[in-house]
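Today I am opening my notebook on the aromatic rings of a new structure. Come along and look things up with me.

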Amino acid sequence: MSEEVKHKFNTKMVPFPSQAIVPERDLHKLPVLDVRNLGIDFGGLTAVDGFNITIGPTEISGLIGPNGAGKTTIFNLLTSVYQPTRGSILLNGIDTKGMTTHKVNKLGIARTFQNIRLFTDMTALDNVKVGMHNGIKCSFASSVLRLPSHFKAEKQANEKAMELLDFMGLTEVADQKAGSLPYGVQRRLEIVRALATSPSIILLDEPAAGMNPSETTELMHQIRRIRDTFHIAVFLIEHDMNLVMNVCEAIAVVNYGRIIAKGTPDDIRQNPAVIEAYLGREEGNP
């Protein structure tokens, strides 16, 4: 990486007007995601309440907490799988209230899932091309009539899909069915498919789940490369604290649907409640 790029993507976090923190490089830019007082109730149960977060357009941010804390529910709210009971979600400055998942995806948010959701009987290449549907410029009539514009669009889609597969080191499996690929490779393929939608922020739900230590280390490098190459934000849920602490610039900790701590990795490491509840207590300490 060049010195210019290193300087551009420094990791100093500074106060944002909403009392959040963002990377210094993003301070005077519109946040890619600005969430205020978000909450959702299921019947008489409050699953998420008072959730606030601001993410800069090139920030890598993490969301941690125990199982059942509400992390995936928050991702479902951000992607309009669920509609919030209260609060607001601004994606690139636009309120997503009432929008469908498809509409917010077109606005610039993409995600992967805790349980991999690839089209297992389709090739890796075709899975990526499915993710490109928002950007393919080809009419229905052109496709049916097999006009030159159809073949041009198909060629462009193939080229872009192969470029994305190459970015994640997956060109050799392009023609293999997704369901036949090793688990770690499927995880990377799902990230590629999300990138194919040309997002401004990508949400990764436990991307290191099921990966061995070497695959997790490689994933850490790939997450940084995604941010640095595509100049987009990354927001991830992860239980692997080594990955979270080494790749995230800011971290939010949730429990019972509420944030109990927010800050830089150093802030989170030093927070007594987080140390005891999530990171473990050192032997000999009360």
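**Entry 1: aromatic pairs.** I searched the whole structure, which is a predicted model, and the search turned up three aromatic pairs. I started with Phe-75 and Phe-235, a tilted pair with 5.4 Å from centre to centre and 50 degrees between the planes. Where do these two rings sit along the chain? I found Phe-75 in helix α2 (residues 71-78) and Phe-235 in strand β10 (residues 233-237). They are 160 residues apart, so this pair links distant parts of the chain.

**Entry 2: buried or exposed?** I checked both rings of that pair next. Phe-75 has 0% relative accessibility, so I noted this residue as buried. Phe-235 is also listed at 0%, and I put it down as buried.

**Entry 3: another pair.** I then turned to Phe-167 and Phe-230, which meet edge-to-face, with 5.1 Å centre to centre and 70 degrees between the planes. Phe-167 belongs to helix α6 (residues 148-167) and Phe-230 to helix α8 (residues 213-230), so their contact ties together parts 63 residues apart in sequence. How accessible is Phe-167? I read 12% relative accessibility for Phe-167, which means buried. Phe-230 comes out as partly exposed, because its relative accessibility is 31% and the buried class ends under 20%.

**Entry 4: charges over rings.** Phe-167 came up again here: Arg-225 lies over the face of its ring, 4.1 Å from the ring centre. I also noted Arg-117 over the face of Phe-113, at 4.1 Å from the ring centre.

Notes
Residues numbered from 1 in each chain as written. Predicted model: local features only at pLDDT ≥ 70, side-chain atom pairs only at ≥ 80, totals over all residues. Heavy atoms only, no water. Phe/Tyr/Trp six-rings, centres within 6.5 Å; stacked < 30°, edge-to-face > 60°. Helix = DSSP H or I, 4+ residues; strand = E, 2+ residues; numbered from the N terminus. Buried < 20%, exposed > 50% of the residue type's maximum accessible area, 1.4 Å probe, protein only. Lys NZ or Arg CZ within 6 Å of the ring centre and 35° of its normal.
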